[in-house]
Amino acid sequence: MSTATSTQHGTGHAHPAHEHHHEHHEPGFWQKYIFSTDHKMIGIQYGLTSLLFLFFGFMLMMCMRFQLAYPGKPIPVVGGLLEALLGEAAKGGVISADLYNSFGAMHGTIMVFLAIVPLAFGAFGNYVTPLQIGAPDMAFPRLNMASYHVFFWGGVLMLASFFVPGGAAKSGWTSYSPLATVAEFSRPFNGQTMWLIGMVLLITSSLLGAVNFITTIIQLRARGMTWMRLPFFVWAQFVTGFLLLLAFPPLEAAGILQLVDNLFHTSFFLPTGLVVSGQQLPVSGGGSPLLWQHLFWFLGHPEVYVLILPAMGVVSEIIANNTRKPLWGYKSMVYAAMSIGFLSFIVWAHHMYLTGMGTKVATFFQTTTMMISIPSVIILTALFISLWGGSIRFNTSMLFAVSFLPMFGIGGLTGLPLGFNASDIYLHDSYYVIGHFHYVVAPGTIFALFAGIYFWYPKMTGRYMNEVLGKIHFWGSLVGMNLVFAPMFIQGLRGMSRRMSDGGATYFGADDIALKLNTSITHAAALLAVAQIPFIINVFASIRSGRKVEGDNPWNATTLDWATPTPPPHGNFASEPVVYRGPYEYSAPNAQGGYISQDQKP
Amino acid sequence: MEIPYTYKPRPDTGLYNAKVGIWLFLASEIMLFGALFSSYILLRVTSPEGEWPLVERAWPHGLLNIPIGTFNTAVLITSSVTVVLAWAALKMNQFGKFRAYMLVTLACAFGFLGIKSYEYNEKFTHYELRLKDGQVHTGHIEVNGKHAGFWDFGSIYNLDRLGKEQVKEIAFTADPAKPKPGEKHAEGAAHEHKKMTVQVSDIQKLDAFILRNHTFFAIYFVVTALHGLHVLGGALVLGYFAFPGASMWRKNPEQFTNRIEVAGLFWHFVDLVWIFLFPVVYLL
């Protein structure tokens with residue numbers, strides 16, 4: 001338990017070395033960077049790993065986009081590499097239909113489980129939450145380390161699955177049975193099997209993380225940090241923790257059952273008398289494909305809020321800070337977040353209107369789905385009103401945070417027709433759905449996460465990120481994102497199905513607008529890719545050459561994360577912080593600088 | 001700053017960190033087993049009416065050994081009692097008593113697993129036989145004069161394997177017929193283990209009571225195996241605290257006692273899962 005290693009290095013202890021040499025030596029490379037138990041290092045580990053996966057998932061998408069715009073043409077630049085790595089599936093640098101399916105399934109899986117969730121929850125949650133509640137670390141530092149390592153190996157397994165015979169999982173990120181089981185039936189150990197084992201590891205990692213986060217927030221709040229004094233970011237992480245804790249285990253159960261289906265040829269999800277390629281499948285039957293869908297979406301829908309709540313948390317912090325005003329309706333936002341958490345458990349079957357549940361069940365899920373849009377709108381409205389009358393500082397992080405609001409708004413509103421079963425039956429599995437959830441997650445959540453990176457970077461490194469590069473990044477991304485996703489609504493309304501490897505060429509006439517949009521979307525995606533280059537340069541170059549921060553609190557923020565030394569040392573706070581007031585005391589009259597920190601004595 | 005409340009309770013919540021952590025973890029475990037129980041219910045209610053094995057995919061009843069299952073339940077409940085007594089012994093500062101109770105707990109844990117594997121083996125060597133003329137039997141088989149021990153065969157026979165090994169006929173010992181509800185055993189006759197020789201060419205289906213045979217076996221084996229893994233994991237943790245980890249008792253008795261409490265909570269949960277599992281798969 002004596003891990004107070006580098007707590008006070010630099011403060012010049014004059015103790016004889018022999019007295020406590022076991023305490024004060026600098027940890028070696030492995031201990032400091034790989035097997036660290038410090039929540040900040042683990043947060044950075046999560047951050048870098050998930051950004052790499054974000055990049056990789058994006059590259060998979062670029063290959064798919066090229067194939068959609070120019071079906072059957074070899075992929076420029078990486079085509080040769082793909083053929084060298086994957087052989088037959090990418091013959092001549094052309095993506096085969098099977099490979100397209102693999103890329104599609106893995107793009108979804110990687111973006112959701114290996115990029116966004118670990119970035120939003122693992123990275124920001126780990127780095128910021130203990131700082132904001134005034135804690136020295138997470139409640140269980142070693143569990144925290146284990147959580148990252150399990151996550152990492154889950155990711156490695158997912159990547160390795162591209163190289164097993166038959167290729168990576170190719171039944172969509174939802175892995176619906178029976179397709180997921182019969183796709184490679186004669187080969188029990190296939191990409192899908194690796195996917196399932198990888199998922200079990202990722203779920204385990206999330207569970208360990210969730211236990212740790214909730215315990216930390218309940219137990220390690222600083223003196224005076226009452227529940228209604230918590231920054232909204234912490235509330236968002238708290239609710240997210242409960243979603244992960246309670247929604248993920250059913251998917252773990254489902255994963256285990258499908259794994260057994262694949263390895264031992266049981267029939268949990270295989271119906272009686274299933275015929276594949278003219279042959280009756282040699283299994284007992286008696287299972288239920290619907291069971292998989294229920295178990296999957298029982299996670300799948302709360303997962304949407306796992307993606308969006310931390311993003312709302314980040315955006316709230318940044319908006320309050322840059323409008324220099326208290327958040328409007330903090331308490332209603334907290335209660336709205338809790339309502340979202342609760343309601344998200346009873347809306348899952350709105351993903352299944354087409355699988356035949358009967359109208360009564362569908363009505364129930366329609367009602368709950370409409371209900372859950374209320375708390376989301378409350379949060380969004382509160383954030384919009386928070387902007388009212390503020391003298392807003394438009395730095396890069398604020399630009400991203402502000403543009404989150406309309407982007408998430410579009411994503412949310414286009415979801416309403418999908419929540420009604422009458423309109424969903426037409427739109428289901430079309431590009432409309434793709435456009436809808438990407439608006440929520442890409443220009444929504446990812447913008448919020450970018451905002452968070454620009455915002456907390458000075459705390460992590462002691463230097464600002466470059467504003468010029470940041471603004472190029474922002475405007476390029478904003479234009480790119482909208483040109484990519486808005487046309488998908490049109491494609492979807494014209495009936496374009498979401499999983500066709502030729503982009504619908506066999507379905508539409510050659511001069512259909514939906515087909516032509518494929519090409520323009522791909523060009524927009526290329527623009528989006530180019531817009532990320534300044535960001536990548538910015539992240540790495542600013543570590544050494546960014547402008548240095550003037551003090552520990554460069555944004556003049558009120559929350560405790562800015563009351564630490566920069567970067568925060570092991571143990572975070574020089575002395576135990578005590579909280580005297582709410583989280584957003586901006587525009588305070590008579591206060592020096594117009595704001596009062598949470599730990600400032602009254 | 002050091003992490004607070006690692007073993008002292010936080011005044012406003014009244015709990016130390018690990019206790020909050022274990023309760024949260026158990027909540028997630030409830031969702032895990034809850035999903036499996038729900039799957040069990042769904043598979044069972046969608047199975048066709050009728051009596052297995054006469055109706056092929058009907059839900060089987062009474063296949064599991066109830067006396068052994070009852071005994072195993074008692075074993076697990078005993079271990080739940082002794083784990084509390086072990087914790088109480090630490091509270092009363094009696095380390096020797098703690099270790100004795102821990103030993104009983106561990107013995108129960110491994111006893112449970114031993115009995116469970118005996119039950120598993122019973123199922124691996126028990127066969128369902130369907131003949132092309134419509135006859136259906138359950139019973140035990142002999143291939144090439146060898147009795148149907150799972151470990152003797154090395155694996156389980158089915159029609160494919162009989163074909164590959166070019167077996168022409170097998171000996172089959174059928175189970176005695178089950179008495180119909182309300183009907184008394186005809187003296188002697190019902191208890192008869194009918195022996196017969198079966199031509200492989202007459203067989204439509206031959207498979208042991210294993211996962212691939214029927215969704216009942218599939219869910220039974222998956223849930224009990226997952227529960228068994230929890231028993232094993234819990235036993236390893238308790239074993240660690242009883243022996244190598246017990247050195248903490250001298251350095252920080254309060255934290256050590258807390259660890260036993262937390263491990264004990266997990267152990268009770270494992271016990272509780274079985275208390276639901278036993279009636280659901282054995283009795284109902």
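Student: How far apart do the C-alpha centres of domain 1 and domain 2 of chain B lie?
Tutor: This is a predicted model, so every value here is computed from it. Chain B is divided into domain 1 (17–123 + 214–283) and domain 2 (127–178 + 188–208). Between the C-alpha centres of these two domains the distance is 34 Å.

Student: Which helix of chain B gives the most to the side that touches chain A?
Tutor: On the chain B side, 31 residues are in contact with 40 residues of chain A. Two helices of chain B, α1 (17–45) and α6 (215–242), each supply at least two residues of that side. The most, 14 residues, comes from α1(B).

Student: How many residues on that side of chain B are nonpolar?
Tutor: Split the side of chain B that touches chain A by residue type. Four residues are charged and ten are polar. The nonpolar ones number 17.

Student: Which helix gives the most to the largest nonpolar core?
Tutor: The largest nonpolar core holds 249 residues. Ile214(A), Val315(A), Ala401(A), Phe404(A) and Ala451(A) touch the most other members. The helix that gives the most, 22 residues, is α5 (residues 97–133) of chain A.

Student: Why does this core lie between two domains of chain B, and which are they?
Tutor: Look at where its residues come from. Both domains of chain B give residues to this core, so it lies between domain 1 (17–123 + 214–283) and domain 2 (127–178 + 188–208).
In soluble globular proteins, nonpolar side chains tend to be buried together. The two domains here are domain 1 and domain 2 of chain B.

Student: Which residues is Val315(A) in contact with, leaving aside neighbours within four places in sequence?
Tutor: Val315(A) is one of the core residues that touch the most other members. Ala401(A), Phe404(A) and Ala451(A) are also among those residues. With sequence neighbours within four places left aside, the contacts of Val315(A) are Leu383(A), Ala401(A), Phe404(A), Ala448(A) and Ala451(A).

Student: Where is the kink in α5(A) centred?
Tutor: From first C-alpha to last, the 37 residues of α5(A) reach 50 Å. That is close to the 54 Å expected at 1.5 Å a residue. There is still a kink of about 55°, and its centre is Pro118(A).

Student: How many residues of α5(A) are buried?
Tutor: The helix is largely enclosed by the rest of the structure. Just after it, Gly134(A) takes a positive phi of about 75°. Of the 37 residues of α5(A), the number buried is 34.

Student: What is the distance between the end C-alpha atoms of α12(A)?
Tutor: Helix α12 (residues 359–387) of chain A has 29 residues. At 1.5 Å a residue, they should span 42 Å. The distance found agrees, at 42 Å.

Student: What covers the buried residues of α12(A)?
Tutor: The buried residues of α12(A) include Phe365(A), Ile372(A), Pro375(A) and Leu383(A). After the helix comes Gly389(A), with a positive phi near 70°. The cover over the buried residues includes α10 (289–323), α11 (330–343), α13 (396–413), α14 (416–419) and α15 of chain A.

Student: Is Ile256(A) buried or exposed?
Tutor: Ile256(A) sits in helix α9 (residues 232–264) of chain A. It has 21 C-beta neighbours inside 10 Å. The cut-off is 20 or more, so Ile256(A) counts as buried.

Student: How far apart in space are Ile256(A) and Val200(A), C-alpha to C-alpha?
Tutor: In sequence, these two residues are 56 residues apart. Beyond four places in sequence, Ile256(A) is in contact with Val200(A) and with Val222(B). From C-alpha to C-alpha, Ile256(A) and Val200(A) are separated by 7.7 Å.

Student: Which residue does a cis peptide bond join to Ser177(A)?
Tutor: Omega of this bond is about 5°. The partner is in the loop between α6 (141–160) and α7 (179–182) of chain A. The residue joined to Ser177(A) is Pro178(A).

Student: What is omega for the cis peptide bond from Trp52(B) to Pro53(B)?
Tutor: Pro53(B) belongs to the loop between α1 and α2 (66–91) of chain B. The bond from Trp52(B) to Pro53(B) is cis, with omega near 10°.

Student: What is phi of Asp429(A)?
Tutor: Asp429(A) lies in the loop between α15 (421–427) and α16 (431–461) of chain A. With 14 other C-beta atoms within 10 Å, Asp429(A) is partly exposed. Its phi is positive, in a residue other than glycine, and near 60°.

Notes
Residues are numbered from 1 along each chain as its sequence is written. Chains are lettered from A and ligands numbered from 1 in the order in which they are written. This is a predicted model: local features need pLDDT of at least 70, side-chain atom pairs count only at pLDDT 80 or more; totals for chains, interfaces and linings use all residues. Two residues are in contact if their C-beta atoms, placed from the backbone, lie within 7 Å. Helices (H or I, at least four residues) and strands (E, at least two) are DSSP runs, numbered from the N terminus. Ala, Val, Leu, Ile, Met, Phe, Trp, Tyr, Cys and Pro count as nonpolar, Asp, Glu, Lys and Arg as charged, and the others, Gly among them, as polar. A nonpolar core is a set of buried Ala, Val, Leu, Ile, Met, Phe, Trp, Tyr and Cys residues joined through C-beta atoms within 7 Å. A residue is buried if 20 or more other C-beta atoms lie within 10 Å of its own, exposed if 12 or fewer, and partly exposed in between; C-beta atoms are placed from the backbone. Domain bounds come from an automatic or database domain assignment. The expected span of a helix is 1.5 Å times one less than its number of residues. The bend at a residue is the angle between axes fitted to the seven residues ending there and the seven starting there.
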